[in-house]
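I opened the model and kept a notebook beside it. These are my entries, in the order I looked things up.

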Amino acid sequence: MEPSAAAEFLAKCTKPALRKEWRALPYAHQKHFIYAIKCLSSLPHDPGLNPTGATPGVPPIAPNSSRYDDVVYTHMDAVDSAHFTGRFLAWHRLFLYTFETLLREECNYQGYVPYWDWTLDDYKDIKHASIWSSDPVVGLGTFPDSTEDLTVGTGAFRDLIRAYPIPHRIERNYTPRPFEIQRFPWVFDLPQKEANSTQTPAEWKKMVTSFVGNYTAFQAYVDGFRAEGVHTSTHLSIGGDVSDISHSPNDPVFFLLHGQLDRLWASWQAHDPRNARAIGGGESQDLTNFDQYPTGNGVDVTENTVVYMSNLGPDARVKDVLDTKGGYLCYEYA
């Protein structure tokens, strides 16, 4: 079935699922989410995974990896096609939905992917925010004390082994000024910039209410000039696995982080009718000319552009995922 046709065969969204902030979930619901991630981490790799090959240099699939590692590999496969291109937000929206579907269908999870709202005072001191809990049953884990050993040794994920890029336990290392470290082909414009300056309620309001009808300007601001916006700074400041653009989903916090970014996009879309179906950017990543093409170059991304999931789940077209309550998708944010 063509991706664009898939949504036509789905019932209309009449009872959207409600995605909630992580700390708004009851303890039992947090426990179920943690269990489902551990379940997916214990299931074997699906040989039906079919990478697109869009990103060169990705290591071969590890045959003894897990189903969770398949999720990570799908992201690795999409580094070039779904980052700093016009597919960025649409791809990650479908990726979260695909991950959520795997948890529900393969691990009997009854809930939905939560999000992390860093504007709830967390931005004042991200490293010590309550989301980083050491609870061995439902805790997402704290930051390691030593900068030499980045392994997360607390919380429910402390013993999980991830396959990529090499077998290892989940790593983190909070860095308040992540732009002091050179990571991209360009020089960061504001190396002393504090990551949490992008996570304030004022910044959230600015992103939601600005760039009316201009998707490319919105996405460019979310990533930031020279990638110093809220998306990149949050990834890089957490450090460890999350700071690597390729295998960042190794750490389940990735999904809470991107749940917040998807919520941000949904809020921007709902702010003005001109935003609802706005899309733009190019299909090709152009890091050499990033200042000129922060949302991609080449063929324009349109509603008919395909969003690929490497057979982790069904592909779709951008138009299928523009509305979180459009039929193909059926959820909203609390």
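**Entry 1: Ser-248.** I started with Ser-248 in this predicted model. Is Ser-248 buried or exposed? I read a relative accessibility of 1%. The cut-off for buried is under 20%, so Ser-248 counts as buried. I then looked up where Ser-248 sits, and found it in the loop between helix H8 (230-238) and H9. Which residues does Ser-248 touch, not counting those up to four places away in sequence? I listed His-75, His-235, Asp-241, Val-242 and Phe-254.

**Entry 2: helix H8.** One of those contacts, His-235, is among the buried residues of H8, so I turned to that helix next. How many of the nine residues of H8 are buried? I counted nine of nine, and noted H8 as mostly covered. The buried set runs Val-230, His-231, Thr-232, Ser-233, Thr-234, His-235, Leu-236, Ser-237 and Ile-238. What covers them? The cover includes H5, helix H6 (201-209), helix H7 (215-223) and H9. I also checked what comes just after H8: Gly-239 takes a positive phi of about 75°.

**Entry 3: Asn-275.** Next I went to the loop between helix H9 (253-271) and strand E4 (282-284), where Asn-275 lies. Its relative accessible area is 0%, so I wrote it down as buried. What touches Asn-275, leaving out residues up to four places away in sequence? I found Phe-211, Val-212, Gly-213, Trp-268 and Gln-269.

**Entry 4: the record.** I looked up the UniProt entry, which is unreviewed. For "domain: Tyrosinase copper-binding" it lists residues 83-100 and 251-262. I then checked each span in the model. Residues 83-100 are 72% helix and 0% strand, with the end C-alpha atoms 21 Å apart. Residues 251-262 are 83% helix and 0% strand. The end C-alpha atoms of that second span lie 18 Å apart.

**Entry 5: H2 against H3.** I reminded myself that two packed helices are described by the angle between their axes and the distance between the axes. How do the axes of H2 and H3 cross? I noted an angle of roughly 90°, with the axes coming within 4 Å. H2 and H3 are therefore roughly perpendicular to each other. Which residues meet there? From H2 I noted Ile-37, Leu-40 and Ser-41. From H3 I noted Arg-67, Tyr-68 and Val-71. I sorted the residues of this contact into four nonpolar, one polar and one charged.

**Entry 6: the loop between H2 and H3.** I stayed with these two helices and looked at two prolines. Pro-60 lies in the loop between helix H2 (27-42) and helix H3 (67-77). Pro-56 is found in the loop between H2 and H3 too. Are they buried or exposed? Pro-60 has a relative accessible area of 68%, so I marked it exposed. Pro-56 is exposed as well, at 64%. Leaving aside neighbours within four places in sequence, Pro-60 is in contact with Tyr-73 and Tyr-164. I also took two distances between C-alpha atoms. Pro-60 and Tyr-308 are separated by 19 Å, and they are 248 residues apart along the chain. Pro-56 and Ile-245 are separated by 14 Å, and they are 189 residues apart along the chain.

**Entry 7: disulfides.** How many disulfides does a search of the whole structure find? It finds two. Cys-13 and Cys-330 form one, with their sulfur atoms 2.0 Å apart. This link is right-handed, with 80° about the S-S bond. Cys-13 lies in the loop between helix H1 (3-6) and strand E1 (17-19), and Cys-330 in the loop between strand E7 (316-317) and strand E8 (331-333), so the pair ties together parts 317 residues apart in sequence. Cys-13 is buried at 18%, whereas Cys-330 is partly exposed at 26%.

The other disulfide joins Cys-39 to Cys-107, S to S 2.1 Å. Its torsion about the S-S bond is about -85°, so I noted it as left-handed. Cys-39 is in helix H2 and Cys-107 in helix H5 (residues 88-107), 68 residues apart. Both Cys-39 and Cys-107 are buried. Last, I wrote down the pattern: 1-4, 2-3, with bonded cysteines counted along the chain.

Methods: Residues numbered from 1 in each chain as written. Predicted model: local features only at pLDDT ≥ 70, side-chain atom pairs only at ≥ 80, totals over all residues. Heavy atoms only, no water. Buried < 20%, exposed > 50% of the residue type's maximum accessible area, 1.4 Å probe, protein only. Contact = heavy atoms within 4.5 Å. UniProt positions renumbered as here; feature names shortened; annotations may be inferred. Axes fitted to C-alpha atoms, helices over the stretch in contact; angles between N-to-C directions. Parallel < 35°, antiparallel > 145°, perpendicular 65-115°, else oblique. Nonpolar A, V, L, I, M, F, W, Y, C, P; charged D, E, K, R; others polar. Disulfide = S-S within 2.5 Å.
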